[in-house]
Amino acid sequence: SSNMFRSMSCKKNLAYVDGKWVSAKSGKTFPVINPVDCSTIECVPDMDEADTSLAIDAASRSFQTFKKTLAKERSDLLRSWFNLMVKHSEELAQIMTKENGKSLDESRAEIRYGNSFIEWFAEEARRINGEILQAPVKNRELFLMKQPVGTAAFITPWNFPHAMITRKAGAALAAGCTCVIKPSEDTPLTALALAHLAEEAGFPPGVINVLTTSVDNSVAVGQELCNNPKVRVLSFTGSTTVGKILYKQCASTMKRLSLELGGNAPYIVFETADINLAVTGALASKFRNTGQTCISANRFFVHSKVYDEFVCKFMTKIESDIKMGDGSKKGITHGPLIKESQFKIVNNLVNDAKAKGATVHCGGKSLSEVGPLFYAPTVITDVTRDMEIYGKEIFGPVAVIHKFEDEEDVIQRANEVPVGLAGYFFSRDISQIFRVARNLEVGMIGVNEGLISCSEAAFGGVKESGIGREGSSHGIDEYIDIKYVCLGNV
Ligand code: ADP
């Protein structure tokens, strides 16, 4: 397996287009940075819009044959890819920890989670069935055929470098779509390692393409992916700001769109909650990936009767369970923030809250002795509406805790943001559980549970958190066109 790692490393500084490992036509490259110490890991090709156009050509050529493959053949290809991902899990985790900074344990968990989508869609591929309808007229048969939409483009973020690709690619490939993947400039190496395994699994040239781009080229590459008429569906995971840009750009070619955007999850602890469970869930939901996930608990609301107990136990658990540092080292649970811009956002939000009178119970400062991008796990209370952090998606290891008195009021506060991705609440009152689940304006809810994602479930949001669902049997719908066939006079 160390041979495999060597062969992965020797190819992973090239992009993957039409079954070939290639440089950018311009010859340009850009560095991939390890956020633990901001050192350069290696350089990868900086593909531009001309490279992108060629990759789209390759994907749309290969679509002409890939769309005709049997569901069983696509299932087998996905299964082979999954088996290779399992076999090389540890190398994938090592690559991820290097470029993303999350701890090895977190990387391993993401690899398991990411792999599970390829396994799931290998299974689902064989169950994409059409329908025969009741005709309203005699001597007619009405059919609904299911066909792949066409070439798909994926733009993916850095926080889950593996799973955000497999969640899209598994569904698209199961449906018979080919794809062009543009991973985040911060984490292209995991994407290239996945392409390497896809090649070994036997996907035909052009079915899976990976374009690495620097931050400078991302805008132009994004425009080409949106404007090129050969791309028929775009799937994006990232910020709401960029999602809105892509939504507009895709209007010109009327593309199918799947958008998984920002969240701002409420985390509500009612007075009947099991406080120990709520504390365990809070730690997992808030601090996973150092708070850099779109379903992270972002606004804690704790009932006044259990407030002191919750805050106290939460702080104790943070103290005992979180050890920040170089994620490749044993015993380290949490890594740094991904880059300086992210670090500044978090630092400024906390400083503003402090200056305006918020109470910082722990953290509230950088951990520069550990590394330039480390920020201490932080708990803040007494946050008021005039503070910038109020109601903001933080994307860092900072927990803001509010006190509340009654259910109606807390639901109204939970729903007052323009986004709705995940929401969590802890209660042992069965009527309340149903009421609150019905009334929270989000796409996913954890009840007495802080970690809820899996390939079996539908992932997605409401309001400005996006469009469409990933995972589950519904994930494939994003890549399927329904064709109605009316057979008359039979
Ligand atoms: P995050 O806040 O997670 O960094 P972004 O939305 O900025 O989220 O980035 C997610 C992905 O979108 C990355 O692959 C990034 O390169 C890409 N991206 C950023 N801006 C644009 C753009 N204008 N057009 C296309 N892709 C973009």
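This passage describes the ligand site of a predicted model and several residues elsewhere in the chain.

We may begin with the ligand, which sits in the largest pocket. Three elements each contribute two or more residues to the shell around the ligand, namely α8 (215-227), β10 (231-237) and α9 (240-250). Of these, α8 provides the largest share, three residues. In total, 16 residues surround the ligand, and the closest are T156, W158, K182, E185 and S239. Two of these closest residues also approach the ligand through polar atoms. In E185, a polar side-chain atom lies 2.5 Å from a ligand oxygen atom, and in K182 the corresponding distance to an oxygen atom of the ligand is 3.0 Å. The side chain of S218 joins them, with an N or O atom 3.2 Å from an oxygen atom of the ligand. On its own the ligand has 550 Å² of accessible area, and the protein covers 83% of it.

Strand β10, which gives residues to the ligand shell, also holds S235. This serine has a relative accessible area of 0% and is therefore classed as buried, the cut-off being under 20%. Its side chain makes polar contacts with two other side chains: that of K168, at 2.9 Å, and that of E470, at 3.4 Å. Beyond the four neighbouring places in sequence, the contacts of S235 take in A153, F154 and I155, together with K168, S258, E470 and Y479.

Helix α9, another contributor to the shell, has T240, G243, L246, Q249 and C250 as its buried residues. How does such a spacing arise along a helix? An α-helix has 3.6 residues a turn, so residues three or four places apart point the same way. The cover over the buried residues of α9 includes β7 (151-155), α8, β10, β11 and β17 (419-420).

One of the buried residues of α9, T240, is also in contact with G262. This glycine lies in the loop between β11 (256-260) and β12 (265-269), and G262 is buried because its relative accessible area is 5%, under the 20% cut-off. Its partners, leaving aside neighbours within four places in sequence, are G238, S239, T240, E393, V419, L421 and S465. S239 deserves a second look, as this residue is also among the closest to the ligand. G262 and S239 are 23 residues apart in sequence, yet their C-alpha atoms are 5.2 Å apart in space.

A further buried loop residue is A125, found between α5 (104-124) and β5 (131-133). With a relative accessible area of 2%, A125 falls under the 20% limit and so counts as buried. Not counting residues up to four places away in sequence, A125 touches A71, S75 and A174. F63, by comparison, is 62 residues from A125 in sequence and 16 Å away in space, C-alpha to C-alpha.

Finally, two residues stand out for their backbone. D18 has a positive phi of about 55° although it is not a glycine, and T290 likewise has a positive phi of about 55° without being a glycine. Both are placed in loops: D18 between β1 (15-17) and β2 (20-22), and T290 between α10 (275-287) and β13 (297-303). Are these two residues buried or exposed? D18 is partly exposed, with a relative accessible area of 21%, whereas T290 counts as buried at 3%.

Notes. Residues numbered from 1 in each chain as written. Predicted model: local features only at pLDDT ≥ 70, side-chain atom pairs only at ≥ 80, totals over all residues. Heavy atoms only, no water. Helix = DSSP H or I, 4+ residues; strand = E, 2+ residues; numbered from the N terminus. Buried < 20%, exposed > 50% of the residue type's maximum accessible area, 1.4 Å probe, protein only. Contact = heavy atoms within 4.5 Å. Near = heavy atom within 4 Å. Polar contact = N/O pair within 3.5 Å; in protein donor to acceptor, adjacent residues only side chain to side chain. Areas by Shrake-Rupley, 256 points an atom, 1.4 Å probe, with all protein chains shown as cover. 1 Å grid on protein atoms, 1.4 Å probe; cavity = no way out; pocket = protein on both sides within 12 Å on 5 of 7 lines; lining within 4 Å. Sits in = over half its atoms within 2 Å of the grid points.
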